[in-house]
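Here are a few exercises to work through with the model open in your viewer. Try each task before you read its solution.

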Amino acid sequence: MSVLRFILGDQLTRGLSALRDLDAQRDVVLMVEVSDETTYVPHHPQKIIFILSAMRHFAEVLRKEGITVDYVKLDDPKNTGSFSGELLRAIKRHKPQSVAMTEPGEWRVLQMMQDWRETLPVPLTIHDDDRFIASLDEFKQWAEARKQLRMEYFYRDMRKKTGFLMEGDDPIGGAWNFDAENRKALPKNHHPPKRKRFSTDAITQDVIALVKKRFKPHYGTVEPFGWAVTRADALKALDDFIVQGMASFGDYQDAMQAGSPFLYHSLISPYLNIGLLTAHEVCARVDQLARQDKIPLNAAEGFIRQIIGWREYVRGLYWLKMPDYAHGNALGAIRPLPDFFWTGKTEMNCLRQCIGDTLQNAYAHHIQRLMVIGNFSLLAGLNPKAVQDWFLAVYADAFEWVELPNVAGMALFADGGVMASKPYAASGAYIDRMSDYCQGCSYSPKERSGEMACPFNYLYWDFLARNAERLSRNPRMGMPYKNLRAMDETKRKTIDRDAKRFLDSLA
Ligand code: FAD
Ligand code: DLZ
Ligand code: SF4
């Protein structure tokens, strides 16, 4: 029986469930570049180049194995522009007895697939995406057994399940979490290592030409394009992290430095998310190095926690809470996105640097996303949907299953506390402590009011005041609300005036 195996742009894994029992004599793999996917948000040009080039390279890998790949390019004149249209056309071409797919990473695509089950002329099998450590059923069962969901406890279960950094039933080093040793600021005049970026081959250059011609990007730079687009190069990127980044990953995980977008981060999220690397193989490698004492335990634990903890947790939460999760706006935030999100042109140096890095590389590290861009969006009361769409568009690693819980839940508290027990709200002092951004800023992090004061300072108190009804009873917000209540009337009025002036200027 011939099977048409339809592989999506974030399913570029040879061991993918939909490819597992493939018969090269009989079956056809279908891959399609479609305008619906390249435009459902205004993706950063590097994100489109990364995905289309990785798809084209993956098709070549399969072909070299003798597998028939039917690959529809974006500029094929017969291309209908949609997954549905291309699947139907391919069924007409190949007349398979059935279609096999792996479950997708986004709710909207799952809706399409469920529709296809009713409408296609042949049966469709949807396999689980078992590239994750926890299945969706497993997460659901874990969540249903608890009143309150917290990543830390889920993470411990994933440690036990995988055996990573475990000695029998106990965590290596006697603790589950070594964050107390992490989160240092960088020393002054620190020179982080130069990180490996990749040159472009003929396939990537073709895609770059296509993207330049077709998308006329209104934000984000096309070049320098430095992302790996093959599994072989993604493995080299992992090697580069292990040699240059891993040992300092824990220590400087939360640090930020102007002009240093990558620091000691792994830069592998795009590869994990489209399947060039798997979570298990990456963590197994780090686990082994830690057991051989080749890397510090605080770094290994912090890194493995991000992957088998946070990454798995946000995926579980996404599928548990969709579709309502995408519409959460627990703090009633309605302000539109300021233009500088697309241009990077703002007097606030921290935002200028973090948005600038994003426009240049389709990448910013976690603390830039959370404590600068996310924190600003939270304090300024930007509309969650607008912020979500921005984050989904601008990062090479952005797919809704991972972007949405991080933005709506972790950064914006738009889910009312499902993901985080309190909002990640911080004043300029945090950014000043963890970066050198304030030294190049028109504002002062030490000033609390007036034209020169860091906007984060008054926006922080204004945010608390605006949301007192919703947040003041949160037990973890006791101290800030106590301080707010202790403020005299004149100070409160000054905050009000400064925040109003600043927020009005965003329009
Ligand atoms: P490292 O710092 O080296 O971390 C190692 C790995 O851990 C990452 O590659 C990633 O796979 C995983 N990881 C770390 N933190 C998280 C997390 N909170 N959620 C899921 N995985 C995590 N990550 C995405 O993959 N796609 C997104 O669209 C995305 N959007 C985000 C939006 C906001 C507002 C925030 C706060 C975080 C977001 N993250 C997202 C999580 C995290 O910021 C990125 O995974 C990380 O910055 C990727 O860079 P890296 O590979 O160098 O990560
Ligand atoms: C993000 C993306 C883009 C830009 N283009 C394509 C494409 O042309 N073809 C494709 O199969 N996938 C693409 N993707 C990834 C899909 O949007 C992704 O597979 C779904 O969002 C499901 O996670
Ligand atoms: Fe950002 Fe405020 Fe520091 Fe300027 S002073 S860089 S706005 S935190």
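**Exercise 1. Find where Lys 95 sits, and work out what its phi is.**

Step 1: Go to the loop between helix H3 (83–94) and strand S4 (98–102); Lys 95 is there. Helices here are DSSP runs of H or I with at least four residues, strands are runs of E with at least two, and both are numbered from the N terminus.
Step 2: Read off the backbone: Lys 95 has a positive phi of about 45°, although it isn't a glycine.
Step 3: Most residues other than glycine have a negative phi, and most peptide bonds are trans.

A quick note on the setup: this is a predicted model, where local features need pLDDT of at least 70, side-chain atom pairs count only at pLDDT 80 or more, and totals for chains, interfaces and linings use all residues. Residues are numbered from 1 along each chain as its sequence is written, chains are lettered from A and ligands numbered from 1 in the order in which they are written, and side-chain values use heavy atoms, with hydrogens and water left out.

**Exercise 2. Locate Pro 224 and Pro 323 and check the peptide bond leading into each.**

Step 1: Pro 224 is in the loop between helix H7 (202–215) and H8. The bond from Glu 223 to Pro 224 is cis, with omega near 5°.
Step 2: Pro 323 lies in the loop between H11 and helix H12 (340–343). Here the bond from Met 322 is cis, with omega near 5°.

**Exercise 3. Describe how H8 packs on H11.**

Step 1: Helix H8 (residues 231–249) and helix H11 (residues 297–321) pack at about 100°, with axes 7 Å apart. Axes are lines fitted to C-alpha atoms over the stretch in contact, and angles run from 0 to 180 degrees between N-to-C directions.
Step 2: So H8 is roughly perpendicular to H11 (under 35 degrees is roughly parallel, over 145 roughly antiparallel, 65 to 115 roughly perpendicular, the rest oblique).
Step 3: List the contacts (heavy atoms within 4.5 Å): H8 brings Phe 241, Met 246, Ala 247 and Phe 249, while H11 brings Ala 299, Ala 300, Gly 302, Phe 303 and Gln 306.

**Exercise 4. Look for salt bridges, and place the one joining Arg 369 and Asp 397.**

Step 1: Apply the rule: a side-chain nitrogen of Lys or Arg within 4 Å of a carboxyl oxygen of Asp or Glu. Over the whole structure, that search gives 35 salt bridges.
Step 2: Arg 369 and Asp 397 meet at 2.9 Å, N to O.
Step 3: Arg 369 is in helix H14 (residues 366–379), and Asp 397 is in the loop between helix H15 (384–394) and helix H16 (400–411), 28 residues apart.
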